[in-house]
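Colleague: Before I rely on the words used for this model, I would like to see each one set against its definition. Could we go through them in turn?

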Amino acid sequence: MRDVLLCGIAAAFGLAAAGCVHAQPGPPAYEPMREVGRVAHPAIDESSGLAASRLNPGYLWTHNDSGDSPRLFLLKPTGELALEYRVDLPRAIDWEDMAAFELDGEHVLLVGDVGDNQARRSRLTLWLIPEPLYDPAQRFIQPPTIGAARKLDFTFADGPQDCESVAFDPVTRTLILVTKVDPRKNLFTTAGVYLWPLPDEDPDEPVVLERAADLTLRITVAADVSPDGSRCVVATYGDAWEYPRKPEETWAQAFAEPPHHVPLGPRGQSEAIAYSHDGGSLFLTAEGVNKPLWGVTRRAAKE
C-alpha cells in the first residue's frame, strides 16, 4: 500500500502517531540501525514483507505490496537478488507481510494476503508455502514455481480492518496478526492483536478471530517472532517495539506488558521487519527501488 501521507504523519509526530507507548525501563536492547546492503533489483519496488530463511541461512525472503503478481524474491545477505520464485496462485490481492519457520520437520513460508486499506474485504487469507532450497549452481530461463500448501481464510470479529503485520510462533504454534490504525480516521483507537492457534486442517469457511490484546500503538506495519518464540517485534513507520514472552506466558499476556523500545531511524516508507535466522539481529527494508537493507544487532545480555 502506497501511503506517503500516512508515513509523513508518523515521521512528523513520532510517538504521537504510533501511540503513547509505555516501554520497559533500561537501555535499548539493540545497537543503532545501520545499512548492511541494498535491495537494488528493479522488480522489487515495494518490499512489504520480509523473512529470514530457515532453509537457506543468511538469505532473506521478500515480496512486493499490492498490485504485484504472486511471487517471492530470495535475497542474498547483501540485499542482491538471488532468485525470483513464482507462487502457483491465481493472484495476490494485497500481500502485506510474511514469515519463515520450521514446523514438524518442514520449512515453511507464511504470506499474509491481509491488506484492507478501505476496510471492505469480507475475508483475508494466510498462505503456507513450502520453502524451496536454493542452489546457486542452478540456472533458470524462467522463475521456478512453488505451490501453496495450505490456505487459511479468516475474518475479524469486530469487522473488516487493515492488517499489515503477520507473524508465527512455531513454539506455541500461534499465528499472530496486528491491525493497523490510521490516526486520520480513528484518533483514539489503537492497534489490536489477534491470535489464532494453527489449525490441523484448513477451514472450509473463514474463521472468525477475536481481539486478544490491545497495543498502545497505531500505525503498525510489520511484525515477526524470534525463532525461539521468546520475542515478538512490531514495527511502525517510526521505531519498533519488542514484546518478550516468558515460557509460562501466553501471547495475550505478553502483549499486555510494556514492550522494549527498539530505536530505529529515518527509513522512508518502511513496512517490513524480520529477525535473523538465529534471532540475534533485525533486518528492515523500505518500499521503492534501490533502497537500503538495514540491520539492527541485538546487544549481548549481561551476565
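Colleague: What makes the radius of gyration of the protein chain agree with a compact globule?

Modeller: The radius of gyration is taken over C-alpha atoms, and the globule rule is 2.2 Å times the number of residues to the power 0.38; for 303 residues this gives a value near 19 Å, and because the protein chain has 18 Å, the two agree. The C-alpha atoms fill a box of roughly 50 × 45 × 40 Å along the principal axes. This is a predicted model, in which local features need pLDDT of at least 70 and side-chain atom pairs count only at pLDDT 80 or more, while totals for chains, interfaces and linings use all residues. Residues are numbered from 1 along each chain as its sequence is written, and side-chain values use heavy atoms, with hydrogens and water left out.

Colleague: Why is strand β2 called largely enclosed by the rest of the structure?

Modeller: Buried means under 20% relative accessible area, with exposed over 50% and partly exposed in between (1.4 Å probe, protein chains only); six of the six residues of β2, residues 47-52, are buried, and therefore the strand is described as largely enclosed. Across the protein chain, buried residues make up 55% of the 303 residues.

Colleague: How do you know that β2 and strand β3 pair?

Modeller: Two strands pair if DSSP finds at least two bridges between them, and β2 and β3 (residues 60-64) have five, in the antiparallel sense. The bridge partner of Ser47 in β3 is Asn64.

Methods:
Helix = DSSP H or I, 4+ residues; strand = E, 2+ residues; numbered from the N terminus.
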